[in-house]
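Let us take a friendly walk through a protein model. Have the sequence and the 3D view ready, and look up each residue as it comes up.

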Amino acid sequence: MTPGAVAKEIDRLVTAEELREALDRPIGPEEREEVLSLVRWFTTRYATAEARLAYVRRAYERWQRGFRQTSS
């Protein structure tokens with residue numbers, strides 16, 4: 001998939017029915033373990049609330065820079 005196609009898919013509007021189906025879909029054991037693994041990694045890497053907030057602030061700033069560059 002090309003970057004343009006990925007962006008188009010990310011930015012597309014979903015219908016209420018698509019959203020409801022996604023929210024109602026049960027989470028399978030593999031997906032649950034993947035999420036829990038990511039949470040374990042994140043909370044180990046950023047062990048304190050202060051470290052987690054600092055990460056979020058840096059990530060938000062990166063996102064803002066990227067957004068400002070693409071909207072110029």
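## A nonpolar patch on the surface

Start on the outside: Met-1, Val-6 and Ile-10 together make a nonpolar surface patch of about 360 Å². Keep in mind that what you are looking at is a predicted model.

Met-1 belongs to the segment before α1. Is Met-1 buried or exposed? Its relative accessible area is 81%, and because exposed means over 50%, Met-1 counts as exposed.

## The overall build

Now zoom out to the whole chain. How many helices and strands does the protein have? There are four helices and zero strands. Read from the N terminus, the order of the elements is α-α-α-α.

Next, consider the dimensions. Along its principal axes, the C-alpha trace spans about 40 × 40 × 25 Å. The radius of gyration of the protein is 17 Å, whereas a compact globule of 72 residues would have one near 11 Å.

## Surface and charge

What share of the 72 residues counts as buried? The figure is 3%. The protein exposes about 6,800 Å², and 61% of that area is supplied by carbon and sulfur atoms.

Charges are part of the picture too. The protein has 13 positive and 12 negative charges, and the mean positions of these two groups lie 10 Å apart.

## Salt bridges in pairs

Here is a general idea to carry along: side chains of opposite charge can pair when their charged atoms come close. How many salt bridges does the structure hold? It holds six.

One of the pairs is Arg-25 with Glu-31, whose closest N and O atoms are 3.0 Å apart. Arg-25 has a relative accessible area of 46% and is partly exposed. Glu-31, at 33%, is partly exposed as well. Another salt bridge joins the side chains of Glu-33 and Arg-40, with 2.5 Å from N to O. Glu-33 is partly exposed at 40% relative accessible area, and Arg-40 is partly exposed at 43%.

## A pair along helix α4

Now find helix α4, which covers residues 49-71. Within it, Arg-65 and Glu-61 form a salt bridge, and their closest N and O atoms are 3.8 Å apart. Why are these two separated by about one helical turn? They are four residues apart in the helix, and therefore about one turn lies between them. Both ends of this bridge are partly exposed: Arg-65 has a relative accessible area of 40%, and Glu-61 has 35%.

Helix α4 also contains Arg-52. This residue is partly exposed, with a relative accessible area of 28%. Compare its place with that of Glu-30: the two are 22 residues apart along the chain, and their C-alpha atoms are separated by 26 Å.

## Glu-9 and its network

Finally, go back to helix α1, residues 3-11, where Glu-9 is found. Which residues are linked with Glu-9 in a network of salt bridges? They are Arg-12 and Glu-18.

Is Glu-9 counted as buried or partly exposed? Its relative accessibility is 45%; because this value falls between the 20% and 50% cut-offs, Glu-9 counts as partly exposed. To place Glu-9 in the wider structure, look for Ser-37. These two residues are 28 apart in sequence, and from C-alpha to C-alpha they are 26 Å apart in space.

Terms used
Residues are numbered from 1 along each chain as its sequence is written. This is a predicted model: local features need pLDDT of at least 70, side-chain atom pairs count only at pLDDT 80 or more; totals for chains, interfaces and linings use all residues. Side-chain values use heavy atoms; hydrogens and water are left out. Buried means under 20% relative accessible area, exposed over 50%, partly exposed in between (1.4 Å probe, protein chains only). Patches are made of residues with over 30% relative accessible area and no salt bridge: like charges are joined within 9 Å, nonpolar side chains (Val, Leu, Ile, Met, Phe, Trp, Tyr) within 5 Å. Accessible areas come from the Shrake-Rupley method with a 1.4 Å probe; for residues, only the protein chains shown count as cover. A salt bridge is a side-chain nitrogen of Lys or Arg within 4 Å of a carboxyl oxygen of Asp or Glu. The radius of gyration is taken over C-alpha atoms; the globule rule is 2.2 Å times the number of residues to the power 0.38. Lys and Arg count as positive and Asp and Glu as negative; His and the chain ends are not counted. The place of a charge is taken as NZ of Lys, CZ of Arg, CG of Asp or CD of Glu.
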